Amino acid sequence: LGNGGSTLHALRCLEEQYGDQWTSFTVLLIHSGGYSQRLPNASALGKIFTALPLGEPVYQMLELKLAMYIDFPRRMKPGVLVTCSDDIELYSTGVTETITFDKPGFTALAHPSDLAVGTTHGVFVLDPSSFSGKGGLEYGSCYRFLHKPDVETMQQSGAVCVRGDRPQLGSPGSCGDSGMPSECVYTDSVFYMDHSTAQQLLEFYKQMGTLGCEIDAYGDFLQALGPGATPDYTKNTSNVSKEDSGLVAVRQQLYSLLQGTALNVIVLNNSQFYHIGTTQEYLFHFTAESKLRFELGLQPVAFSIFPDSAKTLDQLSIIQSILEPGCVVGPGSVIEYSRIGPEVSVGEGSLVSGSYINFNVDIPSGCFLSSVSVKMTDRVEYVTMVFGVGDDLKKSVKLLSDIHSLQFFGVSLPECLDLWSLEASDQLFSSEDTRLGLWTARIFPVCSTLSESVRMSLNMLNSVQHKSAFKLSGFQLLSVEEMLTYKDVEDMLKFRKQIYGEICLQRQKEKSDY
């Protein structure tokens, strides 16, 4: 469905459940994360439940969202506030300035950003007569909305503003250095639509019957708005993950439905937009000296049992995990919901999630390791996905002869398959529509225990790194795509609960000793 389709579906569920009552609701609608191919430790449970290195017990992204938007409902007419689950908006406004969502049509928050940030987000072309660029908060109107535009498009369409000196939340991503005028654009994050606009979209969805394509709530709704909107974007499918036959037609219908609807913008001049939707961004914000880490007070060790000997390291992030004395974790690494034994060393810039490692092993730097409980028959089994942090899980090819362009930990996939005694064939991939990629490659062994599944997957990785054979041909193998089909969320949560219980006991013991 895409996040636009799921937005429409959620509106329909509200109406079915509440009937006319929902006309008076203020709704917070969070896209809780799709396949999450760029941050696969969030794939099984959803990005909105990403744990943050903060709080006792730890907060999840959901709590942070609720805290950030806590003041909004008091100044909001009935309608829907739409937001992603992998972005964080921090802003400061004057004592008398308030964010109000009370206008008809759409109202979006806008943040000053570097032009480079604009190329991967939505960008507002503001009506110059409606805002001055001064003060912490301004209400303006948007002439046109650009979706992931290139720099040239931003410049030609009048989206680029030159900013002088102003109070900064600073850091890469916001514009303006000390006193130097610099170019910036205003990028999108959260948007609101009033009830009658939401109702209009819902009626459209009901008429459509079944959606045959993915709709993007940002690109496909917002690009239709503002007096400068043109239908050109409806034919541009370069940013689309899955090209569907009906997409252009659906976009054109949405365009004619929404055309002429206002796009109001709340310009937050002193604000910062953070995105933690990729493994690299996640590792950076949680472990490096990032602005976000400082602003939210993220901790190196959050709600974990952690040996005193290792406490010197600040550049890491341990979240609800139990680490035994003797284990070593390199700087820039994140460990969440895991149990790590004494003979384990984790390299730099790695991510370990939901794993139990009770054997002697060196996990290399730049390694992504995440375990999933699966239920294919009536019993629970375990599969651990392992990749390089930089591997591209979104990339796919159509022909078997092209799979050499797929890289697993820096090595071409056919070379890896040889080492694992696997044959490159159509059966090796789980997808029906000939999308051959790391996401659909059946290469991960199913095991009867969690620690065994971690051991086998690390053996695979070891064989690739040292160019030594490791036979996978005897195992039942799953792709990441299939792991998500068969995932057993209850069992994964049970493992987290066990860790939680042990940490609570340890905390009580420490208190009574004290």
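Me: Before we poke at this predicted model, what does "buried" mean here?
Reply: Buried is a relative accessible area under 20%, using a 1.4 Å probe and protein chains only. Exposed, on the other hand, is over 50%. So the cut-off to keep in mind for buried is under 20%.

Me: Is Tyr337 buried or exposed?
Reply: Tyr337 sits in the loop between β15 (334-336) and β16 (339-340). Its phi is positive, about 45 degrees, though it is not a glycine. Its relative accessibility is 4%, and the cut-off is under 20%, so Tyr337 counts as buried.

Me: And Gln320, what is its relative accessible area?
Reply: Gln320 is in the loop between β12 (317-319) and β13 (322-323). Here too we have a residue other than glycine with a positive phi, near 40 degrees. Gln320 is buried, and its relative accessible area is 6%.

Me: Where does the largest nonpolar core lie relative to domain 1 and domain 2?
Reply: This core has 108 residues, and Phe444 is one of those touching the most other members. Helix α11 (residues 450-465) gives the largest share, seven residues. Domain 1 (3-161 + 183-275) and domain 2 (300-503) both contribute residues, so the core lies between them.

Me: How many residues are in the other core, the one with Val250 and Leu254?
Reply: That core lies apart from the largest one. Leu258 and Val265 are also among its members. Its count is 46 residues.

Me: Which peptide bond is cis, with omega near -5 degrees?
Reply: Look at the loop between β1 (26-30) and α2 (61-68), where Pro57 lies. The cis bond leads into that proline, from Glu56 to Pro57.

How values were computed. Residues numbered from 1 in each chain as written. Predicted model: local features only at pLDDT ≥ 70, side-chain atom pairs only at ≥ 80, totals over all residues. Heavy atoms only, no water. Core = buried A, V, L, I, M, F, W, Y, C linked by side-chain atoms within 4.5 Å. Helix = DSSP H or I, 4+ residues; strand = E, 2+ residues; numbered from the N terminus. Domains from an automatic or database assignment.
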